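These are my notebook entries on a structure that I went through element by element. I began with a single residue and worked outward to the way the chains come together.

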Protein chains: 2
Amino acid sequence: MRLNLNKIKITMQVLKETLHKEGLRYTKQRQEIWNELRSSDKHRDAEEILFTLRKRGLKISRATVYRTIDVLVKNNLIDKLDIGDGRARFEYNDKYLHHDHLICTSCDKIIEFNNNEIEELQNKIAKQHNFKLLYHSHQLFGICKDCK
Amino acid sequence: MRLNLNKIKITMQVLKETLHKEGLRYTKQRQEIWNELRSSDKHRDAEEILFTLRKRGLKISRATVYRTIDVLVKNNLIDKLDIGDGRARFEYNDKYLHHDHLICTSCDKIIEFNNNEIEELQNKIAKQHNFKLLYHSHQLFGICKDCK
DNA sequence: AATTTTAATGAGACTAAATCTCAATAAAAT
DNA sequence: ATTTTATTGAGATTTAGTCTCATTAAAATT
């Protein structure tokens, strides 16, 4: 319990510091959006976050959700994910447990995976091209074992 | 010259066979769209292909472009690319010279790269999860050397 | 603590990419 | 040549995402 509360405190601090660094204000809405993305391990879309927060009683608009998500993506606090259905998904970016995705084109199932060798190769490639790597998008599409 | 004509012939054969396999018809519009994507090495969007073909005198509609692109992506003849500006791009998928992308978030420049080690790791991961790998999407976002 | 300054928000209008409908057309089969 | 059936075109429609601007709430200042 104590540990959990500390964890929330720490991640809220991350948001506060990021906003401060960008000269932006630490508002109720931004806190709630960040907390929502942070405390779930699913791949959320903007509309879904909007309605979840409204259902919980928060007064919030669609524009605020989109504007906040932009800030979070640009500052690398969340990742953007395109599974090919015309709607962007977002998920908490835990820098210490990063993962990419396997997506089934038949049933839309998403399987997460980790591969340090790939991460290292990405860094190497960026270095070769004199790129300052900010984030990446890496999805493998195919047919999962259940759909084969 | 002879070589070039043969090359076109071969890729048109690829389209014909793919359509046949799917029980679809080999139409003028599908040929022109495929040829357009095939014969340029740029990252094209649907609207741009539509107007290029119309300018060239072909009678073709937006719906046909989108419908054909869907078929080509699903059959792995072209790759879909999301550079983050809300418009999907497409490019010819040369299976023997596959590449991924480095995208500058500041100037939108796209740099292509090839990495066999990454391709091998992707195959390995798919195999581990008992996935039949169809295609992938791999983009590295960051700041290019000119924008730093 | 009250006041001023300035950025953020909400509501809904707006934009634009992508999809859908259905009568007309063209490919393939007969 | 005729029939069958998928494809196309035109434009209406949908919907994710953006924009505007008056109102509100952070943060800075007094």
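Entry 1, a helix residue. Before listing neighbours I fixed the term: I count two residues as touching when they have heavy atoms within 4.5 Å of each other. I also note at the outset that this is a predicted model. I looked up Thr18(A), which lies in helix H1 of chain A, a helix that covers residues 2–21. Leaving aside residues up to four places away in sequence, I found that Thr18(A) touches Asn75(A) and Leu77(A). Is Thr18(A) buried or exposed? I record Thr18(A) as buried, because its relative accessibility is 10% and the cut-off for burial is under 20%.

Entry 2, helix H3 of chain B. I turned next to H3(B), residues 46–55, where I list Ala46(B), Ile49(B), Leu50(B), Thr52(B) and Leu53(B) as buried. Viewed down the axis of H3(B), these buried residues fall within an arc of 170 degrees, so I take them to line one face of the helix. I checked this against the general geometry: an α-helix has 3.6 residues a turn, so residues three or four places apart point the same way. Among what covers the buried residues of H3(B) I noted helix H2 (28–38), E1, helix H4 (62–74) and E3, which belong to chain B. At the N-terminal end of H3(B) I found a cap, Asp45(B), with a side-chain oxygen 3.2 Å from the backbone nitrogen of Glu47(B). Just after H3(B) I marked Gly57(B), which takes a positive phi of about 100 degrees.

Entry 3, the three-stranded sheet. In chain B I traced an open, antiparallel sheet of three strands in the order E1-E3-E2. Its edges are strand E1 (44–45) and strand E2 (78–82), each of which pairs on one side only. Between E2(B) and strand E3 (residues 88–92) of chain B I noted five bridges in the antiparallel sense, and for Asp82(B) I found the bridge partner Ala88(B) in E3(B).

Entry 4, the sheet shared by the chains. Which strands make up the six-stranded sheet, and in what order? I read the order as E5(A)-E4(A)-E6(A)-E6(B)-E4(B)-E5(B), in an open sheet of mixed pairing. Strand E5 (110–113) of chain A and strand E5 (110–113) of chain B are its edges, and the twist averages 25 degrees from one strand to the next. Where the chains join, I noted 11 bridges between E6(A) and E6(B), each covering residues 132–143, with the two strands antiparallel; Leu133(A), for instance, has Gly142(B) as its bridge partner. Within chain B, strand E4 (residues 100–104) pairs with E6(B) in the parallel sense over four bridges, and His101(B) is partnered by Gln139(B). On pairing with E5(B), E4(B) is antiparallel, over four bridges, and Leu102(B) has Ile111(B) as its bridge partner. I also followed helix H5 (residues 116–128) of chain A, which lies across E4 and E6 of chain A as well as E4, E5 and E6 of chain B, and runs at about 130 degrees to E6(A).

Entry 5, the relation of the copies. I noted that chain B superposes on chain A by a rotation of 179 degrees with 0.0 Å of shift along the axis, at an RMSD of 0.1 Å. I therefore describe the two copies as related as by a two-fold rotation axis. The same surface serves both copies, since 100% of the contact residues of chain B recur in chain A. Of the residues of chain B, I found that His138(B) comes closest to the rotation axis, its C-alpha being at 2.2 Å.

Terms used:
Residues numbered from 1 in each chain as written. Chains lettered and ligands numbered in written order. Predicted model: local features only at pLDDT ≥ 70, side-chain atom pairs only at ≥ 80, totals over all residues. Heavy atoms only, no water. Pairing = 2+ DSSP bridges. Buried < 20%, exposed > 50% of the residue type's maximum accessible area, 1.4 Å probe, protein only. Least-squares fit on C-alpha atoms with pLDDT ≥ 70 in both. Arc of directions from axis to C-beta. Polar contact = N/O pair within 3.5 Å; in protein donor to acceptor, adjacent residues only side chain to side chain. Axes fitted to C-alpha atoms, helices over the stretch in contact; angles between N-to-C directions.
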